[in-house]
Amino acid sequence: ICHNEPVQPFCRPRKRISCFPDQRKWISRKDAKCGAVTMKGSEKKLTDMYVCQIHMTEDRIQELSIGD
């Protein structure tokens with residue numbers, strides 16, 4: 001996710017390569033905590049999963065912004 005559009009401003013070329021392992025670890029932690037993104041499940045389960053994904057993504061954006 002450090003390679004293109006939405007996160008690119010936070011992954012400058014000199015940092016891009018080092019960003020991949022951390023990003024992969026973060027995705028694994030996010031999926032473990034929130035559940036992997038899916039369209040299967042009850043409305044409550046899907047809502048909880050998407051809200052969790054959104055909050056973790058917002059937190060990650062802040063982490064990457066501060067680290068710049």
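**Entry 1: the disulfide**

I looked up the link of C34 and C52 and found it left-handed, with -65 degrees about the S-S bond. I note that the model is predicted. The sulfur atoms of C34 and C52 lie 2.0 Å apart. The pair joins distant parts of the chain, since C34 belongs to helix α1 (residues 13-34) and C52 to helix α2, 18 residues apart. I then searched the whole structure for disulfides and obtained one.

I next asked whether C34 is buried or exposed. C34 has 10% relative accessibility and therefore counts as buried. C52 stands at 15%, so C52 is buried as well.

**Entry 2: the overall fold**

I counted two helices and zero strands in the protein. Of its 68 residues, 22% count as buried. The protein exposes about 5,200 Å², and carbon and sulfur atoms supply 59% of this area. I also recorded that, among contacts with a separation of 6 or more, 34% are between residues 24 or more positions apart.

**Entry 3: helix α2**

I checked the length of helix α2, which covers residues 43-66. At 1.5 Å a residue, its 24 residues should span 34 Å; the end C-alpha atoms are 35 Å apart, so the two values agree.

Which residues of α2 are buried? I listed L46, M49, C52, Q53, M56, R60 and L64. I took up three of these in turn.

L46 has a relative accessible area of 16%. Because the cut-off for buried is under 20%, L46 falls on the buried side. Leaving aside residues up to four places away in sequence, L46 touches T38, M39, K40 and G41. I also noted a C-alpha separation of 9.3 Å between L46 and G35, which are eleven residues apart along the chain.

Q53 has 7% relative accessibility and so counts as buried. The side chain of Q53 reaches the backbone oxygen of G35 at 2.7 Å. Beyond its neighbours within four places in sequence, Q53 is in contact with K30, D31, C34, G35, A36 and V37. One of these contacts, C34, is a partner in the disulfide.

R60 is buried too, with a relative accessible area of 10%. Not counting residues up to four places away in sequence, R60 touches D22, Q23 and W26.

**Entry 4: salt bridges**

How many salt bridges does a search of the whole structure find? I recorded three. Side chains of opposite charge can pair when their charged atoms come close.

In one of them, the side chains of K30 and D31 meet at 3.7 Å, N to O. K30 is buried because its relative accessibility is 9%, whereas D31, at 27%, is partly exposed. Both K30 and D31 also appear among the contacts of Q53.

The side chains of K44 and D48 meet at 2.8 Å, N to O. Both residues lie in helix α2, four residues apart, about one turn of the helix. K44 is exposed at 59% relative accessibility, and D48 is partly exposed at 41%.

The side chains of R60 and E63 meet at 3.2 Å, N to O. R60 and E63 are three residues apart in helix α2, so about one helical turn separates them. I recorded R60 as buried, while E63 is partly exposed, with a relative accessible area of 45%.

Terms used
Residues numbered from 1 in each chain as written. Predicted model: local features only at pLDDT ≥ 70, side-chain atom pairs only at ≥ 80, totals over all residues. Heavy atoms only, no water. Buried < 20%, exposed > 50% of the residue type's maximum accessible area, 1.4 Å probe, protein only. Contact = heavy atoms within 4.5 Å. Expected span 1.5 Å × (residues − 1). Disulfide = S-S within 2.5 Å. Polar contact = N/O pair within 3.5 Å; in protein donor to acceptor, adjacent residues only side chain to side chain. Areas by Shrake-Rupley, 256 points an atom, 1.4 Å probe, with all protein chains shown as cover. Salt bridge = Lys/Arg side-chain N within 4 Å of Asp/Glu carboxyl O.
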